[in-house]
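Here's a quick walk through a few side-chain pairings and one helix. Have a look at the sequence and the fold first, then read on.

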Amino acid sequence: MKPYIGCDLGGTNLRAALVDVDTGQVLHQASTLTLAREGHEAVMTRIANQILQLINDSEFSKTEIGGVGIGVPGVLDIERGVVLFLPNLPGTWPDVPLAETIESLTGLPVQLLNDVRSITYGEWRFGAGRGVDTLAVFAIGTGIGGGLIINGQLHLGIGGTGGELGHTVIDYNGPRCGCGNYGCLEAYASGPAIASQGMKAVAQGLTTKIGELCGYDLNRITPELIAQAAESGDEIAADIYEKAGFYLGIAASSICASIGPRRIILSGGVAQAGSLLLVPMERTMRARVQVMPVDQVQVLTGQLGNNAGIVGVALWAASHAGPRSKG
Ligand SMILES: [Zn+2]
């Protein structure tokens, strides 16, 4: 099959990769700044130029490329190829015809997919999700994204909006989430939620290595720094991850009950904490779920790392070539 290009529209970086869709291998890749403050027209021009440059730098001509997939961090109508709402980009991109614009600027067919559904598809085809028909992905970073494979298909729902697992409600009386609802998982276990627990501990003057590691500068506290403290035996840091893992386990319990997944995969930067999150998450699921065989659900971290999304969306475009609109 012809190679496809996978792009990732990130708040900070635009990434693109030429992908061998038969093997999932990245053949070439490029990264540039998004400069999102310049507005969506400028960013779309930059995406198109990056695609054309990537082809130029490869041994392929444009006619040898099958098409383009773009992973987008927000709400889309993938049938129309339109962006509806990007919560973390300036201007929020309401009703921006991203697919059509990139098609006219590059002359290549374009498919859109939410960024974490792209990760889900990539991990399923060539990563930690290989070989199972039903799985769930939580991608933990600045927010918590999600994706579902159900009965051997990426679950899409209305216009591709299904699978927002980070907005599973943990406590209906809980804190306001960035999405407008209350008590979502994202408000408890995202990177910023974990970092803020570390800041609180240091600000309260608790004895914790987090303080030393950040040089008592609260702005330097990150989930990675707290994980480092936890790994060196700091109990307060370990407890912060224990709680985040517990909340993930509560959300995962609901997913187990609703879709009966064979695997649950943690992806995204915060998932690098590994067993600090996985152990309490699994313990919580196994203690609470009885309506399905929860001991058969495997909980793993992703295998494709930072490339899961760009590889996944290229594979998605390759398997969904053809007219976008299904009426
Ligand atoms: Zn939410």
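## Salt bridges and a helix

D133 and R262 join their side chains in a salt bridge, 3.2 Å from N to O. That label asks for a side-chain nitrogen of Lys or Arg within 4 Å of a carboxyl oxygen of Asp or Glu. The two partners come from distant parts of the chain, 129 residues apart: D133 sits in the loop between α3 and β8 (135-140), R262 in the loop between α8 (235-259) and β11 (263-267). Helices (H or I, at least four residues) and strands (E, at least two) are DSSP runs here, numbered from the N terminus.

A word on where this comes from: it's a predicted model, with local features needing pLDDT of at least 70 and side-chain atom pairs counted only at pLDDT 80 or more, while totals for chains, interfaces and linings use all residues. Residues are numbered from 1 along each chain as its sequence is written, and side-chain values use heavy atoms, with hydrogens and water left out.

How many salt bridges does a search of the whole structure find? It finds seven, and the table shows some of them with the relative accessibility of each partner. Buried means under 20% relative accessible area, exposed over 50%, and partly exposed in between (1.4 Å probe, protein chains only).

| Pair | N to O distance | Acidic partner | Basic partner |
|---|---|---|---|
| D133 and R262 | 3.2 Å | D133, 34%, partly exposed | R262, 46%, partly exposed |
| R117 and E164 | 3.1 Å | E164, 32%, partly exposed | R117, 2%, buried |
| D77 and R80 | 3.1 Å | D77, 17%, buried | R80, 47%, partly exposed |

Take R117, which forms its salt bridge with E164. R117 lies in helix α3 (residues 115-126) and E164 in the loop between β10 (153-154) and α4 (186-189), so the pair ties together parts that are 47 residues apart in sequence.

Now for helix α2 (residues 98-106). Its buried residues are L98, A99, T101, I102 and T106. They're on the same side of α2, because they cover an arc of only 165 degrees around the axis, going by the directions from the helix axis to the C-beta atoms. Over on the other side of α2, E100 and S104 are exposed.

What covers the buried residues of α2? The cover includes α1 (40-56), β4 (68-72), β6 (82-85) and β7 (110-114), with contact meaning heavy atoms within 4.5 Å. Just after α2 comes G107, with a positive phi of about 75 degrees.
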